[in-house]
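Here are my notes on this one, as promised. Have the model open while you read, and go through the points in order.

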Amino acid sequence: MTTVLWHTMRTLYWRIRRPDEERLEAMVGPPGVWRETRAFQIQFLKRMGLKPHHRVLDVGCGPLRGGLPLISYLDEGNYLGIDVRPEVVEEAHHQIHKNDLVDKRPRVLVSMTFGREELSNAAKFDYIWCFQLLYHLDDDHVDECLAQVARRLAPGGAGYGNINTLAARGRWKEFPFLQRPIEYYERIANRHALRTRCLGQLDDLGYTKKARGRFNHMLEFLREQ
Ligand SMILES: C[S@@+](CC[C@H](N)C(=O)[O-])C[C@H]1O[C@@H](n2cnc3c(N)ncnc32)[C@H](O)[C@@H]1O
């Protein structure tokens with residue numbers, strides 16, 4: 001009896017939840033790994049020492065797949081997401097309301113300059129999170145993105161971003177999908193006085209085996225002392 005009830009509840013839950021998840025996932029990536037990709041982001045950042053009092057800048061935040069659990073976890077006012085697409089930022093605002101997270105005072109902005117034009121000089125962050133972003137940026141944008149990471153890191157802060165070193169180049173929506181070696185990012189980071197460390201493949205960091213992205217490498221960017 002309990003098993004039947006559990007299965008019925010689960011089927012109903014999926015009927016209600018799936019369409020929204022599928023719609024949101026279609027805005028940010030390949031299908032079928034929404035939950036795993038959501039869980040990975042906060043788990044990884046916690047493993048890197050994230051605590052509720054830290055300030056997080058989520059660059060290329062999309063409709064908050066990783067953002068919603070971060071907003072829930074962080075203290076009020078400590079989450080800022082930016083994305084270049086107005087329609088996903090609009091969806092992000094909708095998700096914040098729908099999930100009753102307005103009281104956490106998250107901010108999500110459209111920015112074409114990685115926050116350079118929108119944020120004040122004083123805006124600094126303990127964690128700058130560039131998940132599934134760097135390989136969608138052309139060379140000039142990688143340069144601008146890492147320049148802003150360097151500018152926005154608080155003392156002792158860290159930036160993280162995964163990169164594609166293996167899969168052939170292509171396109172995803174209106175963005176390129178680029179394969180580049182670790183040294184490419186190291187060189188640009190260096191130009192902005194950032195030290196780069198490769199933390200290994202996402203596969204070794206707990207990302208789902210269901211996604212090709214598990215072969216991406218995760219880079220850490222720290223300000224030179
Ligand atoms: C693959 S999605 C990942 C979204 C989110 N990080 C997540 O994990 O769900 C990449 C996101 O980067 C955003 N993006 C691409 N180029 C950007 C840029 N120059 N500045 C800010 N966001 C950008 C896209 O609009 C998209 O939402």
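1. Start with helix 4, residues 86-98. In this predicted model, helix 4 lies across strand 2 (79-83) and strand 3. Against strand 3 the helix runs at about 165°.

2. Now the sheet that those strands belong to. It is an open one, built from 7 strands in the order 3-2-1-4-5-9-8, with mixed pairing. Strand 3 (107-110) and strand 8 (194-201) are the edges, each pairing on one side only. On average, neighbouring strands are turned by 20° against each other, ignoring direction.

3. Have a look at one pairing inside that order. Strand 5 (residues 153-163) and strand 9 (residues 217-223) run antiparallel and share 5 bridges. If you want a pair to click on, Gly161 has Leu219 of strand 9 as its bridge partner.

4. Next, helix 6, residues 182-191. This helix lies across strand 5, strand 8 and strand 9, at about 155° to strand 8. Which residues of helix 6 are buried? They are Tyr185, Ile188 and Ala189. These three sit on the same side of helix 6, because they cover an arc of only 100° around the axis. That fits the usual geometry: with 3.6 residues a turn, positions three or four apart in an α-helix point the same way.

5. What packs over that side, and what is on the other? The cover over the buried residues of helix 6 includes helix 5 (139-152) as well as strand 5, strand 8 and strand 9. The face turned away from the buried side carries Glu183, Arg187 and Arg191, which are exposed. Just past the end of helix 6, check Ala193: its phi is positive, about 60°.

6. Then there is the ligand. How many residues surround it? There are 21, and the closest are Gly60, Gly62, Arg65, Val84 and Gln132. Sorted by class, this shell has 11 nonpolar, 7 polar and 3 charged residues.

7. Last, a loop residue to check. Val33 is in the loop between helix 1 (2-28) and helix 2 (34-47). Is Val33 buried or exposed? Buried, because 20 other C-beta atoms lie within 10 Å, and 20 is the number at which a residue counts as buried. Setting aside neighbours within four places in sequence, Val33 is in contact with Thr208, Lys210 and Ala211. Ala211 is 178 residues away along the chain, yet the C-alpha atoms of Val33 and Ala211 are separated by 7.1 Å.

Notes. Residues are numbered from 1 along each chain as its sequence is written. This is a predicted model: local features need pLDDT of at least 70, side-chain atom pairs count only at pLDDT 80 or more; totals for chains, interfaces and linings use all residues. Two strands pair if DSSP finds at least two bridges between them. Helices (H or I, at least four residues) and strands (E, at least two) are DSSP runs, numbered from the N terminus. Axes are lines fitted to C-alpha atoms, for helices over the stretch in contact, and angles run from 0 to 180 degrees between N-to-C directions. Two residues are in contact if their C-beta atoms, placed from the backbone, lie within 7 Å. A residue is buried if 20 or more other C-beta atoms lie within 10 Å of its own, exposed if 12 or fewer, and partly exposed in between; C-beta atoms are placed from the backbone. The arc is that of the directions from the helix axis to the C-beta atoms. A residue is near a molecule or strand if its C-beta atom, placed from the backbone, lies within 6 Å of it. Ala, Val, Leu, Ile, Met, Phe, Trp, Tyr, Cys and Pro count as nonpolar, Asp, Glu, Lys and Arg as charged, and the others, Gly among them, as polar.
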